[in-house]
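Biologist: I would like to learn how to read the surroundings of a bound ligand. Could we go through one case together, step by step?

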Amino acid sequence: MVVIRSVSAKSIFDSRKEKTIEVSIKTNVGEFKASAPNGKSKGKHEAKSYKKNLLGDIETLKKFSDYFSMENIDFFDDLKRIEDIVSGNVGANTLFALESAILKAMAKEKKKEVWEIVDSKARKFPRLVGNCIGGGKHSGNEKKPDFQEFLLIPNEKSTKENFELMKKIKEKVEQDLKEFDEKFKSIKNDEYAWETSLNEKEVLDVLLKYEIPLGLDIAASSFYSRKKYLYKNPMLKRDSGEQFRYISNLIENFDLFYIEDPFDEEDFEDFSKLTKKFANKLIVGDDLTVTNPERLEKAIKMKSINALIVKPNQIGNLTEVKTVCELAKKYGIKIIFSHRSGETNEDILADLTFGFQADFLKCGIAGKEREVKIKRLIEIEKDLAR
Ligand code: 2PG
Ligand code: MG
């Protein structure tokens, strides 16, 4: 049983050099730390990262320290009592980091792995989704694809093989970009994907030859304004009908396997039309659903998606993450756990992905903050194979 003796928190830097929160708890068996990541292309309906600001949340946690010590926490669902104590007083980043630290303490106390606290029967491994080339809000160059992420989704036998294959292709793509993109400077963006001046069709042309399942995170809300999708490369506007036809053409011409946020985050209808048209592809909600049970229920009712991004710090609350996963499973919606564009060295995402038996883990290909998560998944795979 975990008894929290004290809680403290501090601000640390994420991979983008932005501040985020790290929470430490002390229990009878040691000290446990966990941190939260930061998003940049955030959904409008995401929970706020902090109640007012990071420093405010650090102070609040201190004040609640004594209350936490009165709780005995033994099982995953006991996290609810922690949530009830701080509910409304801290933001999603703070709550996620706090609950993650508690899960680590529970695992240690029970001499188990964190994923076992979520589901000790978990056995199925998620496929990796890796960001190879980037554009949109995550890339700093002037001329770039309007879409945010061009994703590789290998389907080898193990996580290790999937990881190796993604890394290999990403290296080869660097050579391709040197050849086809005269402005290419081998610069990596926020998620360590290649920055390029090519547009989305040209990028897909480069990736097509690798004969690997491909995905897109269009992050369409990030370039949607006054009922139009405002493309810059090349400069043109598409209304929702034109966007629908454009996305449909891309799916068909490049045999895309995975399409995340192809429409604005309020447009449940167009999502639904696309899911109907391409029932055998993954039509993924991220900004649309923001790991929120109510938004997911709406998406289910309207048949808007057949796959869903889960980012724990979009909602903060791990018991609601559980609700979202249960709901998705009940309705046959594939689950993709995901990193954020500003990441830390925290690796608990791998345990949560595996514990919740997600179908995919989207967490980049390179950079130490992403690698630690994939390496943790590989470690779980190795341990279970023993
Ligand atoms: C996304 C994410 C992660 P951000 O849109 O899927 O790739 O971006 O963390 O900036 O919201
Ligand atoms: Mg997204």
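Modeller: Let us begin with the classes of residue: Asp, Glu, Lys and Arg count as charged, Ala, Val, Leu, Ile, Met, Phe, Trp, Tyr, Cys and Pro count as nonpolar, and the others, Gly among them, count as polar. Please keep in mind that this is a predicted model.

Biologist: How do the residues of the shell around ligand 1 divide into these classes?

Modeller: Nine of them are charged and six are polar, while no nonpolar residue belongs to the shell. In total, 15 residues surround ligand 1, and the closest are Lys40, His138, Glu149, Glu191 and Ser341.

Biologist: Which polar side-chain atom lies 2.8 Å from an oxygen atom of ligand 1?

Modeller: Polar contacts are pairs of N or O atoms within 3.5 Å, and in this case the atom belongs to the side chain of His138. An N or O atom in the side chain of Asp286 is 3.0 Å from an oxygen atom of ligand 1, whereas Lys40 offers a polar backbone atom, at 2.7 Å from an oxygen atom of the ligand. The protein covers 100% of the 310 Å² of accessible area that ligand 1 has on its own, and the space taken by ligand 1 is the second largest cavity.

Biologist: From which domains does the shell around ligand 1 draw at least three residues?

Modeller: The domain assignment of the chain gives domain 1 (2-116) and domain 2 (119-385), and each of them supplies at least three residues to the shell. The C-alpha centres of domain 1 and domain 2 lie 26 Å apart, and the contact between them takes 37 residues from domain 1 and 39 residues from domain 2.

Conventions: Residues are numbered from 1 along each chain as its sequence is written. Chains are lettered from A and ligands numbered from 1 in the order in which they are written. This is a predicted model: local features need pLDDT of at least 70, side-chain atom pairs count only at pLDDT 80 or more; totals for chains, interfaces and linings use all residues. Side-chain values use heavy atoms; hydrogens and water are left out. A residue is near a molecule or strand if one of its heavy atoms lies within 4 Å of it. A polar contact is a pair of N or O atoms within 3.5 Å; within protein, one must be able to donate a hydrogen and the other to accept it, and residues adjacent in sequence count only if both atoms are side-chain atoms. Accessible areas come from the Shrake-Rupley method with a 1.4 Å probe; for residues, only the protein chains shown count as cover. On a 1 Å grid over the protein atoms alone, a cavity is a set of points where a 1.4 Å probe fits but cannot get out, and a pocket is an open set with protein on both sides within 12 Å along at least five of seven lines; lining residues have an atom within 4 Å of a point. A molecule sits in a cavity or pocket if more than half of its atoms lie within 2 Å of its grid points. Domain bounds come from an automatic or database domain assignment. Contact means heavy atoms within 4.5 Å.
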